[in-house]
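Here is a short tour of two spots worth a look in this model. Have the sequence and the 3D view open as you read.

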Amino acid sequence: MRQKIIMDVDTGVDDSLALLYLLASPEAEIIGIASTAGNVPAAQVAANNLAWLDVCGAADIEVALGATEPLAIPLRTTEDTHGPQGVGYAELPESARALSPRSAVEMWVELVRAHPGEIVGLCTGPLTNLALALRLEPRLPQLLRRLVIMGGAFNHPGNTTPTNEWNVHVDPEAAKEVFDAFSAAPADRRPLVCALDITETIEMTPKHLTLLAERAGSFPVETVSPLDPPHARSAASNPIVRHVTDAVRFYFDFHQQCGAGYLAHMHDPFAAAVALDAGLAVTRPATVDVELAGTITRATTVADWEGMWGREPNADIVIGTDPEIFFERLIARIGDFARERYPAQ
Ligand code: BDR
Ligand code: CA
């Protein structure tokens, strides 16, 4: 039986690759995609999700619109990181697919009630929808098989403020509600947390895009370079490879402007891979809480590794992985999927 998954995303260049990774994984069955305001506004996130489903020739998958604002603060978006539409330089054709008539929050609640113990939730954006779903259905931590979260920074600097990771920064109240709600979860239901500590070791480089194009049988096989002119766009024959290349090129440019080098941190696809195979990750239990009051540390995630607070662990934090195994999987899966969807003539 395939693993049922609810994705909750703020698509987003790396969220896009997380979606492609799951679509390309035969053992995954995406049963719903919640669109969260974050990298770009929720309506744009939803449009991106629908457009990727078209590009991938995917079957009908429910895409629901989520909350348009965080729980307690105004929305902040980050087009400078992910491009004007959230998909870098890619220009995805507008989809004619319809959005779900139910909200993302209703979708979460109704799906977990309909399939108790069967669903893995994968959150790669702010946790607004999930927090609202938990208010409606407090048994959600027991109804989910597992939750995987990309978010937080523990023994690691933030990427938004000195101590804040983006997804938690956008909606810290929601993140706190989610971690609090999971404090009652048994050990095998604790959220798997992929924080910046691990996801910033997942460095995609132009070489990985080249290998992807080769695997997909796409031509010409391109190597994206920081020396390319600013208007450079992919001419790849395979539309999936072409759009991915244009999306990731923007993410490379952004990381380079930040001084990280010509690479891109693939936070969200890594979390997707962990959602399908927890064996990819070495984890350590901890009690996670979110600072809401600090004047310069608000939205910081704090992990109590040693039980100093006297509270049970509410998370399994990923502390180790082999990035190359992840990239081999990503390239093999998305490459084969792209080749199958658009066989070379
Ligand atoms: C997270 O922030 C977003 O910009 C990315 O999509 C990822 O989910 C990394 O901090
Ligand atoms: Ca994201």
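## A calcium site and an arginine

Asp10 and Thr124 are both buried. This model is a predicted one, and the two residues meet again at its calcium ion (ligand 2), where Asp10 (OD) and Thr124 (O) are among the coordinating atoms. Asp15 (OD), listed twice, and Asp268 (OD) also coordinate this ion, and the distances run from 2.2 to 2.6 Å. Along the chain, the donors follow the spacing D-x4-D-x108-T-x143-D. Asp10 sits in the loop between β1 (3-9) and α1 (13-23), while Thr124 belongs to the loop between β4 (119-123) and α5 (128-136), so the pair ties together parts that are 114 residues apart in sequence.

Now let's turn to Arg341. Which helix holds Arg341? Arg341 is part of helix α13, which covers residues 323-341. Is Arg341 buried, partly exposed or exposed? Its relative accessibility is 34%, so Arg341 counts as partly exposed. Leaving aside residues up to four places away in sequence, Arg341 touches Cys56, Gly57 and Ile240.

The table gathers distances that involve Arg341.

| Partner of Arg341 | What is compared | Distance |
|---|---|---|
| Cys56 | Arg341 side chain to Cys56 backbone oxygen | 2.6 Å |
| Glu340 | polar contact between the side chains of Arg341 and Glu340 | 3.5 Å |
| Gly57 | C-alpha atoms of Arg341 and Gly57 | 7.1 Å |

Gly57 and Arg341 are 284 residues apart along the chain, yet Gly57 is one of the residues that Arg341 touches. Cys56 is another of these contacts, and its backbone oxygen is reached by the Arg341 side chain.

How values were computed: Residues are numbered from 1 along each chain as its sequence is written. Chains are lettered from A and ligands numbered from 1 in the order in which they are written. This is a predicted model: local features need pLDDT of at least 70, side-chain atom pairs count only at pLDDT 80 or more; totals for chains, interfaces and linings use all residues. Side-chain values use heavy atoms; hydrogens and water are left out. Helices (H or I, at least four residues) and strands (E, at least two) are DSSP runs, numbered from the N terminus. Buried means under 20% relative accessible area, exposed over 50%, partly exposed in between (1.4 Å probe, protein chains only). Contact means heavy atoms within 4.5 Å. A polar contact is a pair of N or O atoms within 3.5 Å; within protein, one must be able to donate a hydrogen and the other to accept it, and residues adjacent in sequence count only if both atoms are side-chain atoms. Donors are N, O and S atoms within 2.8 Å of the metal (3.2 Å for Na, K and Ca); water is not among the atoms, so sites may look incomplete.
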